[in-house]
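Ready for a few warm-up exercises? Have a look at what is shown here, then try each task before reading its solution.

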Amino acid sequence: MKLYLKIKLYILSFLLSPFVLAQDGMISGRLQDQQEETIPFATVTVLKLPDSTVVTGTTTDLDGEFELKPKFTGNILLGFSAIGYAEAFTPAFEITGPGFTKDLGTRVLSEEVTMLDEVMVSTWKPRIRAENGKMVMSVQGTARAAGSTAYEMLSIAPGVAVDQNGGFTINGKQGVAVMLDGRLTYLSAQDLQSLLESMPAENIEEIEVIHNPSAKYDAEGIAGILNIRLKKNSLSGFTGSAYAGFRYSEQQLFNGGANLSYNTGKWNSFLNLDVSERGLYREPN
């Protein structure tokens with residue numbers, strides 16, 4: 001009887017072994033600063049080589065730890081960024097399959113320092129808090145906001161990265177919607193970038209990063225929502241930007257345009273103008 005039981009257990013373990021071996025792998029690690037303090041809410045981005053395309057990403061937890069499931073194959077490297085710290089990257093390594101596992105250990109990020117006429121200035125970090133399924137980054141009154149644009153502040157929010165087309169991703173996922181005071185902008189990626197680059201960061205109170213929008217937002221922000229909460233009575237009236245260019249070669253061509261917005265407090269109106277002269281030059285035979 002005991003021999004029969006042993007044989008059954010052996011056969012069962014043999015049948016289950018492929019499923020055990022097929023467990024999902026994990027890429028993990030931990031971020032801390034030079035004072036050995038953990039770095040929460042840091043952005044961890046997976047970049048696929050050789051073109052550094054953003055594949056996926058995540059953010060560190062309160063203990064500065066992160067985990068990523070390798071649902072892809074190929075050569076990659078990881079990028080780490082956090083407000084107030086210099087960006088850092090891991091050496092490249094290859095993911096061979098879904099069972100790939102790698103512990104990157106503890107990675108140390110250096111504080112971001114700016115040199116101004118041999119005066120060293122450390123960047124003051126905006127406060128970040130988690131509430132109701134979203135991360136909120138305070139911008140108002142921070143040194144980082146001085147001289148920056150709304151576009152730059154969005155790009156450093158927790159879990160947020162800028163893709164190759166200038167659009168935003170959250171944890172590597174595309175399809176992010178951008179809101180102003182809870183209202184969708186309904187602009188293309190290029191027009192939205194122009195608007196945000198013309199908006200001073202000093203006009204922003206907070207930036208909300210919503211990783212998992214509720215059902216009412218699913219159609220607008222599949223991968224997440226970035227909500228810019230402006231200071232009260234800021235950006236009222238007309239704001240905008242203008243651009244122009246001239247090309248001189250065999251032909252003299254020009255282009256120009258403007259991006260205008262009007263905010264009344266309850267309504268946001270946008271107008272985009274573009275004018276250009278294009279030509280085709282053919283070498284004579």
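## Exercise 1: a charged pair

Glu-206 and Arg-129 join their side chains in a salt bridge, at 3.0 Å from N to O. Here a salt bridge means a side-chain nitrogen of Lys or Arg within 4 Å of a carboxyl oxygen of Asp or Glu. A quick note before you start: this is a predicted model, where local features need pLDDT of at least 70, side-chain atom pairs count only at pLDDT 80 or more, and totals for chains, interfaces and linings use all residues. Residues are numbered from 1 along each chain as its sequence is written, and side-chain values use heavy atoms, with hydrogens and water left out.

Task: work out which strands hold Glu-206 and Arg-129.

Solution, step by step:

1. Find Glu-206 in strand β17 and Arg-129 in strand β11 (residues 128-131); the pair therefore ties together parts 77 residues apart in sequence. Strands are DSSP runs of E with at least two residues, helices are runs of H or I with at least four, and both are numbered from the N terminus.
2. Check the cover: Glu-206 is buried, at 8% relative accessible area, while Arg-129 is partly exposed at 32%. (Buried is under 20% relative accessible area, exposed over 50%, partly exposed in between, with a 1.4 Å probe and protein chains only.)

## Exercise 2: follow the network

Task: find which residues are linked with Glu-206 in a network of salt bridges.

Solution, step by step:

1. Stay on Glu-206: its side chain also meets that of Arg-229 in a salt bridge (2.8 Å, N to O). Arg-229 sits in strand β18 and Glu-206 in strand β17, 23 residues apart.
2. Arg-229 is partly exposed, with 31% relative accessibility.
3. Now take Lys-134, which forms a salt bridge with Glu-208; their closest N and O atoms are 3.3 Å apart. Lys-134 is in strand β12 and Glu-208 in strand β17, so this pair ties together parts 74 residues apart in sequence.
4. Glu-208 counts as buried, at 7% relative accessibility.
5. Put it together: Arg-129, Lys-134, Glu-206, Glu-208 and Arg-229 form the network.

## Exercise 3: the nonpolar core

Task: which element gives the largest share of the largest nonpolar core?

Solution, step by step:

1. Start with the core, which has 29 residues; among those touching the most other members are Leu-154 and Phe-168. (A nonpolar core is a set of buried Ala, Val, Leu, Ile, Met, Phe, Trp, Tyr and Cys residues joined through side-chain atoms within 4.5 Å.)
2. List suppliers of at least two residues each, including α2 (150-155), α3 (189-197) and β18 (224-230).
3. Pick the winner: α2, with four residues.
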